[in-house]
Amino acid sequence: MQVLQVQLEVGPDPAEVSRARRWARSRLAGSGIGEDESLADTLVLLISELVTNAVVHTGCPAVLRMLFAAEGGVRVEVADASDRPPKPRHAEGDDTNGRGLELVDGLADRWGWQPEGVGKSIWCEVDRSAPAAPPPAASLPHGRVRC
């Protein structure tokens, strides 16, 4: 399997999230994923949520990576220096936050996290060949943590 990987260093500032979105859109276009494809919008939203979580909840710099498989799948990874695992929450009604990992769970075909160096990496994958179907909200694949 042939894979192209690109990465961006992200500072610990919420303003970096918009820079990450712009960077991701340009890399998606360069990979052959058209700006008008719904896949591009889905990936940019996933990137936005993962980078936001890293910047807001850890206060640490992060590294955003996108991996493009020759078969068409895309993997997004955000690595940071915090060893705290992600903590999915359930937002209620008018809550203004707490939906990020729920969105990732609903939009990605797969997602998870693993230790990386002194910190961790949170990743998600989207298959280009088939549209992502959200799984039932109450279930997570084996090995995922819901707190």
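**A walk through the fold**

Visitor: What area does the chain expose, and what share of it do carbon and sulfur atoms supply?

Guide: The areas come from the Shrake-Rupley method with a 1.4 Å probe, and for residues only the protein chains shown count as cover. On that basis the chain exposes about 8,000 Å². The share supplied by carbon and sulfur atoms is 53%.

Visitor: And what percentage of the residues count as buried?

Guide: Keep in mind that this is a predicted model, where local features need pLDDT of at least 70, side-chain atom pairs count only at pLDDT 80 or more, and totals for chains, interfaces and linings use all residues. Residues are numbered from 1 along each chain as its sequence is written, and side-chain values use heavy atoms, with hydrogens and water left out. Buried means under 20% relative accessible area, exposed over 50%, and partly exposed in between (1.4 Å probe, protein chains only). Of the 147 residues in the chain, the buried portion is 44%.

Visitor: In what pattern do helices and strands follow one another along the sequence?

Guide: Helices (H or I, at least four residues) and strands (E, at least two) are DSSP runs, numbered from the N terminus. The chain has three helices and five strands. Read along the sequence, they give β-α-α-β-β-α-β-β.

Visitor: In what order do the strands sit in the sheet?

Guide: Two strands pair if DSSP finds at least two bridges between them. The five strands make an open sheet with antiparallel pairing. Their order is 1-2-3-5-4.

Visitor: Which strands stand at the edges?

Guide: An edge strand here has a single partner strand, so one of its sides is left without a neighbour in the sheet. That is the case for strand 1 (3-10) and strand 4 (110-116).

Visitor: How much are neighbouring strands of this sheet turned against each other on average?

Guide: Axes are lines fitted to C-alpha atoms, for helices over the stretch in contact, and angles run from 0 to 180 degrees between N-to-C directions. For the strand neighbours, direction is ignored, and the average turn is 15°.

Visitor: Which strands does helix 2 touch where it packs on the sheet?

Guide: Contact means heavy atoms within 4.5 Å. Helix 2 has a direction about 10° from that of strand 3. The strands it touches are strand 1, strand 2, strand 3 and strand 5.

Visitor: How far apart are the end C-alpha atoms of helix 2?

Guide: The expected span is 1.5 Å times one less than the number of residues. Helix 2 (residues 38-58) has 21 residues, so it should span 30 Å. The model agrees, with the end C-alpha atoms separated by 30 Å.

Visitor: How many residues of helix 2 are buried?

Guide: Helix 2 is largely enclosed by the rest of the structure. Just after it comes Gly59, with a positive phi near 70°. The buried count in helix 2 is 15 of the 21 residues.

Visitor: Why is strand 3 called largely enclosed, and how many of its residues are buried?

Guide: Both faces of strand 3 are covered: Val74, Val76, Val78 and Asp80 are buried on one side, and Arg75, Glu77 and Ala79 on the other. Strand 3 (residues 74-80) is largely enclosed because its buried residues number seven of the seven.

Visitor: Which residue stands opposite Asp80 in strand 5?

Guide: Strand 3 and strand 5 (residues 119-126) run antiparallel and are joined by seven bridges. Val74 in this pairing stands opposite Val126. Asp80 has as its opposite number Lys120.

Visitor: Which residue in the turn between strand 2 and strand 3 has a positive phi?

Guide: Strand 2 (residues 62-69) and strand 3 pair antiparallel over seven bridges, with Val63 opposite Ala79. The two form a hairpin with four residues between them. The positive phi, about 110°, belongs to Gly72.

Visitor: What is the C-alpha separation of Val76 and Gln5?

Guide: Val76, in strand 3, is buried, with a relative accessible area of 0%. Leaving aside neighbours within four places in sequence, its contacts include Leu43, Ile47 and Leu50, along with Ile122 and Trp123. Gln5 is 71 residues away along the chain, yet the C-alpha separation is 9.7 Å.

Visitor: Which residue has its backbone nitrogen 2.8 Å from a polar side-chain atom of Glu16?

Guide: Glu16 is found in helix 1 (residues 16-30) and is buried, with a relative accessible area of 17%. A polar contact is a pair of N or O atoms within 3.5 Å; within protein, one must be able to donate a hydrogen and the other to accept it, and residues adjacent in sequence count only if both atoms are side-chain atoms. The nitrogen at 2.8 Å belongs to Gly11.
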